[in-house]
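Colleague: I should be grateful for a close look at a single part of this model, namely the side of one chain that touches the other. Please set out what forms it and how it is held.

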Amino acid sequence: MIKTNKNTPKNIILSLENVSISYGTFEAVRNVFCNFKKGNITSLIGPSGCGKSTVLRSLNRMNDLIPNCSLKGTVLFDGTNIYDKRVDPVEVRRRIGMVFQQPNPFPKSIYENIAFGARINGFTGDMDELVESSLRKAALWDECKDKLNDSGYSLSGGQQQRLCIARTIAIEPEIILMDEPCSALDPISTLKIEETMHELKKNYTIIIVTHNMQQALRVSDMTAFFNAIEYEDGDGGKVGYLAEFNSTKKIFNSPKEKITQEYISGKFG
Amino acid sequence: MNSLYYQKRLSRNIGDKFFTSLSVICALIAILPLIFLVTYILIKGGSQITPELFTLEPNPPGDDLDAGGINPALVGTLIITTIASIIAIPVGVGGGIYLAEYSKGGAFSRFIRFGVNVLAGVPSIIAGVFIYALIVSTKILFGSMYSGLAGGMALSILMLPTVIKTTDEGLKLVPNELRYASLGIGASMYTTILKVTLPSAFRSIATGVVLGIARAAGETAPLIFTALFSYYYIIGFGDLFYEMGSLAVLIYNFALEPYDAQNKLAWAASFILVLSILSVNIFSRILAAFTEKTKRV
């Protein structure tokens, strides 16, 4: 029997309670318990196929878009299980925004890219101001203030990714999920995105999936290490699980689990 | 040791040359009918084009001196195709959206896809007979029998599969990342489709619609059973409920007449029909190019 804890501490914004996610009959992750703190940057690391992206996508119900994907357990956000039947996934995604692996601006102008999300969320204030402040927060304003009417595609890859971040900020979410936001970018753009994330930390909670352990070390306060192993009752395939979850310092300096130690020292992955 | 230089006489190189030229020849033969057909019609029909052609009613066969014009048929084709588009485009685009965006590949959507393919293969004359049985012979449309409205319905059946298929395929080409982007910032499915996916697929959908229109505009068989033919000007809304002429049926009727004047009129009508279908196709290209440009602004 799963207990839902309605009295989560104030600083916990999102918590996973015994979450298992499957694609059809294939189980991707099993029995994840995890609490994300408000105002923190939490990074999810782990080898390929350990289900960290799956977990991330489950946090704002993007998994709904993948056929056959099902979730057991509870994801508590703001005291509500977002997988409750009465919950509207659209509303969840308005409060938990997402930035994807590949920069994916809309085929519209830079201005419209940001205004689009705000407008559909019923924003009625000064749109010019919102566009400017969002771009400033994403550290993109200086680079594109003179070409707001140019297509979003005219920007470089790193700029496009920051545009996508600005677009997410513009809907003023409480949490921003980032799925390997820098994996398609060069080191300089990566650095800029990381600076942006440090700025954003003041106002938002960020959860980021990354393959780059140095990045996890640089940007995050907390780190969750996922691993995949074969279960005896499984069909032979590897199933992901949360191996260790602690402050980033502890994970990288004195991990409790041997497997974490091996992963961060590059023995596998 | 074989030399690294290219050797003409090597059997693989000879075979390669042979098949390359064979495919070039086949490609040329494939394009020949189009070239001949268009030039023939341009020569035969182009010489018959006069200003009166566009303004006069056709004269009944027998008056060998002057066959008149094709005004009612030209206007009729426009009206019938418009009616067909009004029916087929919303239904077709809507159906395509369902298939590409909402359906999850279940039995229902597979059934629809299969049905659309079958419908695309239905001979056009069957569409005509179907509407004849459903609308014309039952006089269900306010007691009218043969009518432009019935003709439009028959043509819409022929347009429908093309529109559904191209919408479905056009939407599937839109990268999923774009949908995720929109849904990820809290857009509903409806907003995402209307504001993001559909505009991105506009080009392929427009091309499909235009192809559907072009196909429908040239159809004769379904119109013989439904719109029939008329010699008289279309003057008002009420004419929708009566027999209506069209270029295709005019060609069919007049090309078979023993009189030279009528035959010439049929050639002129062929010229106009081919030219307008060609220009509709070219228009779709310009449209596509235009939307491409505005996207990059």
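Modeller: What follows describes the contact between the two chains, then one helix that takes part in it, and lastly a salt bridge elsewhere.

The model is predicted. In the contact, chain A contributes 27 residues and chain B 18 residues. Together the two chains bury about 1,700 Å², and 70% of this area lies on carbon and sulfur atoms. Between chain B and chain A there are zero salt bridges, while four residue pairs are in polar contact, both residues of each pair being at pLDDT 80 or more.

On the side of chain B that touches chain A, the elements giving two or more residues are α7 (176-184), α8 (189-217) and α11 (260-296) of chain B. The largest share of that side, seven residues, is supplied by α7(B). Sorted by class, the side of chain B that touches chain A holds eight nonpolar, six polar and four charged residues.

Of these elements, α8(B) deserves separate attention. Its 29 residues would reach 42 Å as a straight helix at 1.5 Å a residue, yet the end C-alpha atoms of α8(B) are only 35 Å apart. A kink of about 60 degrees is present in α8(B), with its centre on Phe202(B).

Although the count between chain B and chain A is zero salt bridges, the count over all chains comes to 19. One of them joins the side chains of Glu174(A) and Arg95(A), at 2.8 Å from N to O. Glu174(A) lies in the loop between α6 (157-170) and β7 (175-179) of chain A and Arg95(A) in helix α2 (residues 89-95) of chain A, so this pair ties together parts 79 residues apart in sequence.

Definitions and conventions. Residues numbered from 1 in each chain as written. Chains lettered and ligands numbered in written order. Heavy atoms only, no water. Contact = heavy atoms within 4.5 Å. Buried area = accessible area lost by both parts, 1.4 Å probe. Salt bridge = Lys/Arg side-chain N within 4 Å of Asp/Glu carboxyl O. Polar contact = N/O pair within 3.5 Å; in protein donor to acceptor, adjacent residues only side chain to side chain. Helix = DSSP H or I, 4+ residues; strand = E, 2+ residues; numbered from the N terminus. Nonpolar A, V, L, I, M, F, W, Y, C, P; charged D, E, K, R; others polar. Expected span 1.5 Å × (residues − 1). Bend = angle between axes of the 7 residues up to and from the residue.
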